[in-house]
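The following report describes a single protein chain, moving from the chain as a whole to a pair of helices and then to individual residues.

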Amino acid sequence: MAAETAPAPVRLADADVEARLARIDDLLETLESAPGPTVRGAVEAVRLLTEVYGEALARVLEYADAPMRRRMAEDELLEHLLVLHAVHPDPVEVRAARAVERLRPAVRASGGDVELAAVDGEVARVRVRSGGGCGAGCGGGGADVAGAVREAVLAAAPELADVETVPEQPAGRAAPAFVPLEALARRGPDVLGVREAG
């Protein structure tokens, strides 16, 4: 008799994960606004469960080798959880740069560009250039892009207070050196915030 294989676990698509996260937010908002000891107990249970899961995630990061930590940090769902539990191994500059880079192909497809200029204290500064091929029906153009960039950067690095756009460099002036995301990630094993086991 052939050995039975267990069915593969059902995996959620990214869109399904996003829908569930939005539903969780709605449910928690509804719970928090309702009166009564049962509701307070339910909210506390969610808070405690979240703390325990955060601790479990932090321990997984401790046990993971550098390539696994990198893969976890670059996965959008895991990145969200690592940020939520304040255990993300990458510094704020790397996370902000990654958020901008994820938007860059769509912005370039419309003829524009976006790049992280700097992170100064609690403020990320981005350079946004809107596309030139857009007609009258395209909406806000650069303002729309700046809003999307702001939302993405603050989601990836909530410890930032703001995201500001900075003007493009005038023609003829040298732009400050742009540091690619890959260079930030190659600073060594301690850039991940977790010491390698010695």
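## Surface, fold and a helix pair

The accessible surface of the chain comes to about 13,200 Å², and 56% of that surface belongs to carbon and sulfur atoms; such areas come from the Shrake-Rupley method with a 1.4 Å probe, and for residues only the protein chains shown count as cover. The model is a predicted one, in which local features need pLDDT of at least 70 and side-chain atom pairs count only at pLDDT 80 or more, while totals for chains, interfaces and linings use all residues. Residues are numbered from 1 along each chain as its sequence is written, and side-chain values use heavy atoms, with hydrogens and water left out.

The chain holds seven helices and three strands, in the order α-α-α-α-α-β-β-α-β-α from the N terminus on; helices (H or I, at least four residues) and strands (E, at least two) are DSSP runs numbered from the N terminus. Of the 198 residues in the chain, 27% are buried, where buried means under 20% relative accessible area, exposed over 50%, and partly exposed in between (1.4 Å probe, protein chains only). Among contacts (heavy atoms within 4.5 Å) between residues at least 6 apart in sequence, 52% join residues at least 24 apart.

Helix α4 (residues 76-84) and α5 have axes that come within 13 Å and cross at roughly 145°; these axes are lines fitted to C-alpha atoms, for helices over the stretch in contact, and the angles run from 0 to 180 degrees between N-to-C directions. Where the two helices meet, Glu76, Glu79 and Val83 in α4 face Arg95, Arg98 and Arg102 in α5 as contacting residues. By class, this contact has one nonpolar, no polar and five charged residues, with Val among the residues counted as nonpolar and Asp, Glu, Lys and Arg counted as charged.

Three residues in or between these helices can be set side by side.

| Residue | Place | Relative accessible area |
|---|---|---|
| His80 | helix α4 | 37%, partly exposed |
| Ala86 | loop between α4 and α5 | 69%, exposed |
| Arg104 | helix α5 (residues 92-109) | 10%, buried |

His80 and Ala156 lie 76 residues apart in sequence, yet 7.1 Å apart in space, C-alpha to C-alpha. Ala86 has a phi near 55°, a positive value in a residue other than glycine. The side chain of Arg104 is joined to that of Asp113 by a polar contact of 2.9 Å, a polar contact being a pair of N or O atoms within 3.5 Å; within protein, one must be able to donate a hydrogen and the other to accept it, and residues adjacent in sequence count only if both atoms are side-chain atoms.
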